[in-house]
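Please walk through this fold with me, from the overall layout down to single residues. Keep the structure open as you read.

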Amino acid sequence: MKTLTTLMIALMLISTKTNAQDATTAELKVKTSATCDMCKETIEKNLAFEKGIKKSVLDVESKVLTVTYNPKKITPEQIRKAVSKIGYDADDVPADPKGYKKLDECCKKGKVCTDMKK
Ligand SMILES: [Cu+2]
């Protein structure tokens, strides 16, 4: 019985430690309306200035933006809003018209940059 108690305490300590590490780092995947490498650059650069965001990587192919962030400093809603402000859809948050207007012509929805180069 004593062994079991010791084991349980040990397990509790281990899980507390893991939780403490996870508390400042979380990952969020956001579906965006990005279309090309320029969109990728725009989004990643802009998000780098956002407080609480540690890293953001956009996969152009799937349009999914993976954000590594500190949940104590920023919420998923705020991250989606930040992406919208840049001019892109973020999951169910539509692109902010002001940000969208500033985007390069080829980065606007429904357009493909490779078509513009032809
Ligand atoms: Cu683009």
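Five helices and three strands make up the protein. The model is a predicted one. Read along the sequence, the elements follow the pattern α-β-α-β-β-α-α-α. The protein has 118 residues, and 25% of them are buried. Take the contacts with a separation of 6 or more: 51% of these come from residues 24 or more positions apart.

Start with the sheet. The three strands form an open sheet in the order β1-β3-β2, and the pairing is antiparallel. The edge strands are β1, residues 26–31, and β2, residues 53–59. Each of these edge strands pairs on one side only. From one strand to the next, the twist averages 20°.

Now look at the pairing of β2 with β3. Strand β3 covers residues 64–69, and six bridges join it to β2. These two strands run antiparallel. For one register point, find Val-57: its bridge partner in β3 is Thr-66.

The loop between β2 and β3 holds Lys-63. Its backbone deserves a look. Phi of Lys-63 is positive, near 65°, in a residue other than glycine. Is Lys-63 buried or partly exposed? Lys-63 has 17 C-beta neighbours inside 10 Å, so it counts as partly exposed.

Next, add the helices that lie on the sheet. Helix α2 spans residues 37–48 and lies across β2 and β3. The helix runs at about 170° to β2. Helix α3 spans residues 76–86 and lies across β1, β2 and β3. Its direction is about 40° to β1.

How do α2 and α3 meet? Their axes come within 10 Å and cross at roughly 125°. The two helices are therefore oblique to each other. The crossing is right-handed. On the α2 side, the contact is made by Thr-42, Ile-43, Asn-46 and Leu-47. On the α3 side, the contact is made by Ala-82, Val-83 and Ile-86. A helix has 3.6 residues a turn, so residues three or four places apart point the same way.

Stay with α3. Which of its residues are buried? They are Ile-79, Arg-80, Ala-82, Val-83, Ser-84 and Ile-86. The cover over these buried residues includes β1, α2, β2, β3 and α4, residues 97–102. Just past the helix comes Gly-87, with a positive phi near 125°.

The core comes next. In soluble globular proteins, nonpolar side chains tend to be buried together. Here, the largest nonpolar core has 20 residues. Those with the most contacts inside it are Ile-43, Val-67, Ile-79, Val-83 and Tyr-88. At least two residues of this core come from each of α2, β2, β3 and α3. The largest share, four residues, comes from α3.

Pick out Val-83 to see how the parts are tied together. Leaving out residues up to four places away in sequence, Val-83 touches Val-30, Thr-32, Ile-43, Leu-65, Tyr-88 and Ala-90. Val-83 is also one of the α3 residues in the contact with α2.

Move now to Ile-74, in the loop between β3 and α3. Why does this loop residue count as buried? Ile-74 has 20 other C-beta atoms within 10 Å, and a residue is buried at 20 or more. Its partners come from several places. Residues up to four places away in sequence are again left out, and Ile-74 touches Glu-50, Lys-51, Gly-52, Ile-53, Tyr-69 and Ile-79. One of these partners, Ile-53, is 21 residues from Ile-74 in sequence. In space, the two are 7.4 Å apart, C-alpha to C-alpha.

Finish with the loop between α3 and α4, where Asp-91 lies. Phi of Asp-91 is near 50°, a positive value in a residue other than glycine. Asp-91 has 17 C-beta neighbours inside 10 Å, so it counts as partly exposed.

Notes:
Residues numbered from 1 in each chain as written. Predicted model: local features only at pLDDT ≥ 70, side-chain atom pairs only at ≥ 80, totals over all residues. Pairing = 2+ DSSP bridges. Axes fitted to C-alpha atoms, helices over the stretch in contact; angles between N-to-C directions. Contact = placed C-beta atoms within 7 Å. Core = buried A, V, L, I, M, F, W, Y, C linked by C-beta atoms within 7 Å. Buried ≥ 20, exposed ≤ 12 C-beta atoms within 10 Å, placed from the backbone. Parallel < 35°, antiparallel > 145°, perpendicular 65-115°, else oblique. Left-handed = near helix turned anticlockwise from the far one by under 90°.
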